[in-house]
Amino acid sequence: MRKPFVAGNWKMHGSKAMIDSLLSDLQVNEDALKAVEVAVCPPSIYLETVKTKLLGSSIKVGAQNVANVSGQGAYTGETSVDMVKDVGCEYIIVGHSERRSLYGETDSVVAEKVDLIAQAGLIPLLCVGETLEERESNVTEKVVARQLEAVIDRVGVGAFKNIVIAYEPVWAIGTGKTASPEQAQNAHAFIRSLIAQRDPVVAANLIIQYGGSVKPDNAAVLFSQPDIDGGLIGGASLVASDFLAICKAAGEACSE
């Protein structure tokens with residue numbers, strides 16, 4: 001059985017005081033998280049602070065983004081995968097809808113980043129999903145397939161043994177709207193079937209998270225779907241009690 005994975009994407013939120021309070025609350029309740037893999041993804045400027053605070057904890061740390069070039073060089077404002085690895089992160093979010101829409105990251109750029117992350121021995125947390133216009137035009141599967149196939153063409157399906165996919169309908173991110181359990185499950189099942197066409201074993205073990213206004217009151221019904229293996233959590237990950245409740249729901253869904 002796939003162990004559920006819940007990751008908190010803090011986006012551009014955080015301060016030293018906030019980090020100390022939030023992580024202290026999570027660590028106090030860490031025994032309740034044993035049934036689920038948990039990670040937090042703060043802004044890059046706080047990665048070292050978060051990693052230090054979580055020394056000895058089972059909670060992992062991920063970065064929100066990485067440059068599509070490795071090593072060092074004249075790329076002002078960028079952070080390389082080598083730097084993220086040096087800090088001790090295990091995960092890197094890549095292809096988030098905000099990176100695609102606000103910063104113009106193409107499928108090709110996302111695939112380049114996945115390749116660099118995988119080569120570094122870290123785990124890409126690959127985001128895919130459709131806009132409201134695309135859903136209403138009934139091209140959700142076409143869009144998601146295009147996004148995934150760009151990565152498959154670059155790294156091969158075997159690399160997905162060490163890739164987490166997050167399905168995030170763009171119209172449900174930060175809007176308060178959530179895909180219905182049936183909509184989310186259908187998208188997740190499609191993703192798994194697309195990978196299964198190339199490698200059924202990889203597909204069976206693939207972790208596919210749902211991201212899009214997950215909250216304590218809808219987490220259980222979402223995570224009870226057979227192909228939803230946890231969540232990529234935005235705003236609710238900034239409130240310890242909410243994030244813990246979501247993690248608990250993921251663990252309980254796995255045990256049923």
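What volume does the second largest pocket have? Here are a few notes to help you find your way around this predicted model.

1. **The second largest pocket.** Its volume comes to about 320 Å³. A set of 21 residues lines this pocket, and those nearest its centre are Gly174, Ser213, Ile233, Gly234 and Gly235. By character, the lining splits into nine polar, eight nonpolar and four charged residues.

2. **The largest pocket.** This one has a volume of about 570 Å³. Its lining is made up of 22 residues, with Pro43, Gln64, Asn65, Arg99 and Tyr103 lying nearest the centre. Helix H4 (residues 97-103) gives the largest share of that lining, four residues. Here the lining counts 11 nonpolar residues, seven polar and four charged.

3. **Helix H10.** If you look at residues 216-223, you will find that the buried ones are Asn218, Ala219, Leu222 and Phe223. These residues sit on the same side of H10, because they cover an arc of only 125° around the axis.

4. **Ser237.** Have a look, too, at the loop between strand S8 (230-233) and helix H11 (240-255), where Ser237 is found. Ser237 has a relative accessible area of 1%, so it counts as buried, the limit being under 20%. The Ser237 side chain reaches the backbone oxygen of Ile233 at 3.3 Å, and Ile233 is also one of the residues nearest the centre of the second largest pocket. Apart from neighbours within four places in sequence, the residues in contact with Ser237 are Gly8, Asn9, Trp10, Leu22 and Phe243.

Technical notes. Residues numbered from 1 in each chain as written. Predicted model: local features only at pLDDT ≥ 70, side-chain atom pairs only at ≥ 80, totals over all residues. Heavy atoms only, no water. 1 Å grid on protein atoms, 1.4 Å probe; cavity = no way out; pocket = protein on both sides within 12 Å on 5 of 7 lines; lining within 4 Å. Points joined across faces, edges and corners; volume = space filled by probe spheres on them. Helix = DSSP H or I, 4+ residues; strand = E, 2+ residues; numbered from the N terminus. Nonpolar A, V, L, I, M, F, W, Y, C, P; charged D, E, K, R; others polar. Buried < 20%, exposed > 50% of the residue type's maximum accessible area, 1.4 Å probe, protein only. Arc of directions from axis to C-beta. Polar contact = N/O pair within 3.5 Å; in protein donor to acceptor, adjacent residues only side chain to side chain. Contact = heavy atoms within 4.5 Å.
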